Amino acid sequence: MKHKHNILVMSAALAVAPFALSAQTDVQAEPEIQDSVYMVKTAFRSVAQGDLLGGVSVVNVEDMLKKNYTTYSLDHMESLASGWNGKSLWGMDEDNGQGYLVLIDGIPRDANNVQPSEIAQITFLKGANAVVLYGSRAAKGAILITTKRGQAREGLKIDLNVNTGIDVIKELPEYLDAADYMVWYNQAKRNDWFDEEYGVDYDDDDLTYSLDEIEKTRSGVNPYRYVDIDYYSPDYIKKTKSRKEAVLELSGGNNRARLYGNINAYSQNDFVKLADAKDTRINRLSVRGNVDIDFNDYISGHIDANATFYDSKHRQYSSNPGDNMTYWRMASTGRPNYPNHAAPLIPLDKIAEDAVGRELVENTSNIYEDSFLGGTNSDQSNVFSQIYAGGELKWTSRQFQFDGGLNFNLGKLIEGLSLKTNFGMDFKASYNTRFDPKYAVFQPTWGYYNENNEYVDDEMIHRITQIGTDEVTGRKMLWGTKETRTMALSFQFDYVRSFGDHNVSAILLGNGFQQTLDGEYHNTTNANLGFDLSYNFAHRFYAQFSAAEVHSAKLAEGHRNALSPSFTLGWNLARESFLDGSIFADLMISASVSQLNEDIDINKYYLYNGAWDKNTWGFGWADGKSTTTITPTRGENAKLEMIKRKEVSVNLKASMFDRFVTADFTYFANRWEGYLVNTTEDWPSHMQKFIPYLNNDINSRNGFDFAVNFNKDINEVGVSLGVVGTYYNTKVVKKEQSTLDKVNQSQLNREGKPIDAIWGYKNLGFFQSVDEILDSPEQKIGDVRPGDLRYADLSNNGVGDTLINANDMVYLGRDGRFGAPFTMGVNLTIKYKNFTFYALGSAKCGAYARKNNAYYQPFGNEKYSVLVKDTWTPENKDAKYPALTTKTPANNDRSKMNNYAESDFWLYKDNAFSLTKIQLTYDLPSELFGDSFVKGVSAFVSGKDLLTISKERKVMETAIASDPKTRFFQVGVKATF
């Protein structure tokens, strides 16, 4: 009730405030934004788009939503913003470090906690010159999300958007039915009976499943005894789920005070429809209010507040709440014939009248659809019993965000001088709750032996064994609590002045934030001072110098501060007389040189200190007594430094043919020096306990991004076509490889290869016989039989050594962990009268993906997909996949098995083109509304993620152990009052 009260109070404030504001005087018209002076939010200031000096991409979300309504802030932005590939900016990420920084209204926040309807603009800061003022935390780029502000206008503007949509499953995994599973499990057993000396040696009587059991399962003679469960059956899941959303926006004010408000609510259900699981639902409500106030001609300020209430509830699919199992994870592991001889639900009429234990079932409270819960001692709970009787799990999240600031015009002291302050305070908490009911399951015994010791009436249950008890404890469990607190503060002195054609601006700032995370002893901090001096002459010649003094608490005293400088020069050739009358309206070339210092790739504190550990030795000064010793684990190095991003970039921007064509191209090359290593190379063995961390490893990246737009009006038809793309390459320049003989094992040398390299074996197909195994180099990866993968002997620089082990691994390709090496997006807008057609497509190429889960690589008792029908057997030596096995590797690590070790056999090219969005929008003619309170109405219909064109389309669209991938169809109406 307290939360509901807060919502009502905030909603009422948002509704009433604009009326009060609009009653004041000095109202000015809502400004129109021209492309030539469109202001782009960059680091600590806004810059006219024509004056940007490279390393920056921007998306006008407010305009985009009029033709492309989205439900996530960064949805398909890789098709709209050059340099962003959907995972990183320019591929700048590391396996163990932090990635790009997201700032919402200047405060570090999650991109998924702001709805597109709240956003005015998203800026992607890629270049080092663009992020230097944000210090260490933004070393890998920053995404600035700027929310909408109120506009001074006559009256109150109200926008109401109501939409609904459905997700339609693209592909579902295909698994064997129970009979086929048993057949192929038996085949796996036969494979495992292979003896290297004597060949195949097995007896069908020793197989796990008998032919009789298999045939009875296949016939369906008694599906409650001979169980065959299809977890993806229409009996359990739907092909669609729905999403409903309503958005109310308020905007108004005058020259003194302006307010923007947004109330957003959406609800979404799930695909699972069995029993109470059909009530699974996600509900989210957010309320935002942004207020701008001009107290007088010298002091202004802003106050922004946002509250988000997020609740999801679903059935507890696992009896262990800590598992956090989903239906899809359970469905990917639950074998079709399990539990044996006990279906999850068994009809009551299958119990014989004289069955022993019949009264146990009659007394249980868990009867569903005239059926009781089946189970066994080894399977007391399963996904279905949990759905029916396991209780409900609820995940709750609350986020409260506040930021505000004051701006002071100091022009009375020095013309052009001002002071800005900004303060932010956020709180986020989430937790799981559930009641913990206990329930009984019942193990049936089918049939009985008569007086002649004959097994009869095996279609009925003649004995029931109860496992567990029904108990409603009333105990509410709470776990998984997480809290995050953020405090941010910045101040800046701005100087903006023009002296004729000489335009000067300067910034002197202090910036910092601190985040407190659950389970982390140290807070995440970022603190720096910054300075920027920018100059342009008549918007023709440009120069900019930026620098930040960065602080890090992860390093020793004397090395905690570092200067990060950046210098940029630009020249707009279109302003020169020799291009007068040319095709160019703008032709800007700029170049930047930068060095950023960062500590976000230093993952721990105190690594500069030496460390010691306590050990117990098995002998001591006295006989039979052990002793405790203190031994070193690493040495001290107080000279550790920050990691350096050194970068050169060149940008070219052009506007041609009366803005029919606009283009933006950037080339970048950066080098990251000083990654920390704790190496044994060059140290004698008796000193290896004293080895300190050193700044050693070096990585580099280079590439380019581009954006080209074509705009043309043809009679009554307006056409706009945009193409964006990003390509990046990575390279390990220097890497500590203490066990590598770089001369004799060059095939293993990581230096010169991509950072996102895949290292594995080159496969030569399958072993077809024992003789082939004996005549080949010995494979030390795991046990080898006919039907297993055979690998190339590539050690000793490809010469080989008659032994296959880790020394034979080679570079196989890039895995695109930082995003595909090349991404491209195409967007098309066609306007005709009141109709707007919009299409968005994306392409990616250059990376490999892996088929490395149980769907493709089953072992032990894991579930079998339909792919096992094309595994190697003596009768199918031209199979697509290697022979099955029932063996289990140590620690269930499939990469330790011969067939499933990293190799090119399991790689596929992750190249694809996707039609990501189509939307048709119709704006009702304004003449229909006249002078009424309704100012405009529009409606749209759209489809998202509609089509994927790829050789591996089915693999890409099939989700294993997670929510299915979907196509989303949506309709909506927006009214303006």
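These are my notebook entries on a few local features of a predicted model.

**Entry 1: the first hairpin**

I began with strand β1, residues 39–42. Its side chains alternate: V40 and T42 point to one face and are buried, whereas M39 and K41 point to the other face and are not. I then looked up the partner of β1 and found strand β2, residues 45–48, running antiparallel and joined to β1 by four bridges. Opposite V40 in β2 stands V47. The two strands form a hairpin with two residues between them, and F44 in the turn has a positive phi of about 65°.

**Entry 2: other positive phi values**

Most residues other than glycine have a negative phi. I noted two further exceptions in loops. R659 has a positive phi of about 65° and is not a glycine; I placed R659 in the loop between β31 (643–656) and β32 (661–677). Is R659 buried or exposed? R659 counts as partly exposed, because its relative accessibility is 39% and the partly exposed class lies between 20% and 50%. T802 has a positive phi near 60° and is likewise not a glycine. The loop holding T802 runs between β38 (789–791) and β39 (803–804). T802 has a relative accessible area of 59%, so I logged T802 as exposed, the cut-off being over 50%.

**Entry 3: helix α4**

I checked α4, residues 178–192, for length. Its 15 residues reach 21 Å from the first C-alpha to the last, close to the 21 Å expected at 1.5 Å a residue. I also checked its cover: 13 of the 15 residues in α4 are buried.

**Entry 4: a three-stranded sheet**

I traced an open sheet with the strand order β16-β22-β21 and mixed pairing. Why do β16 and β21 each have one side without a neighbour in the sheet? β16 (351–356) and β21 (441–449) stand at the edges with a single partner strand each, so one side of each is left free of a neighbour there. From one strand to the next the twist averages 45°. β21 pairs with β22 (residues 455–467) in the antiparallel sense over eight bridges. For P444, I found the bridge partner I464 in β22.

**Entry 5: a nonpolar surface patch**

Last, I listed the residues of a nonpolar surface patch of about 690 Å²: F491, F493, L508, F531, L533, F545, F567 and L569. β23 (476–499), β25 (524–537) and β27 (561–572) each supply at least two of the patch residues. I looked at F545 separately and placed it in strand β26, residues 541–551. F545 is partly exposed, with a relative accessible area of 33%.

Notes. Residues are numbered from 1 along each chain as its sequence is written. This is a predicted model: local features need pLDDT of at least 70, side-chain atom pairs count only at pLDDT 80 or more; totals for chains, interfaces and linings use all residues. Side-chain values use heavy atoms; hydrogens and water are left out. Patches are made of residues with over 30% relative accessible area and no salt bridge: like charges are joined within 9 Å, nonpolar side chains (Val, Leu, Ile, Met, Phe, Trp, Tyr) within 5 Å. Accessible areas come from the Shrake-Rupley method with a 1.4 Å probe; for residues, only the protein chains shown count as cover. A salt bridge is a side-chain nitrogen of Lys or Arg within 4 Å of a carboxyl oxygen of Asp or Glu. Buried means under 20% relative accessible area, exposed over 50%, partly exposed in between (1.4 Å probe, protein chains only). Two strands pair if DSSP finds at least two bridges between them. Axes are lines fitted to C-alpha atoms, for helices over the stretch in contact, and angles run from 0 to 180 degrees between N-to-C directions. The expected span of a helix is 1.5 Å times one less than its number of residues.
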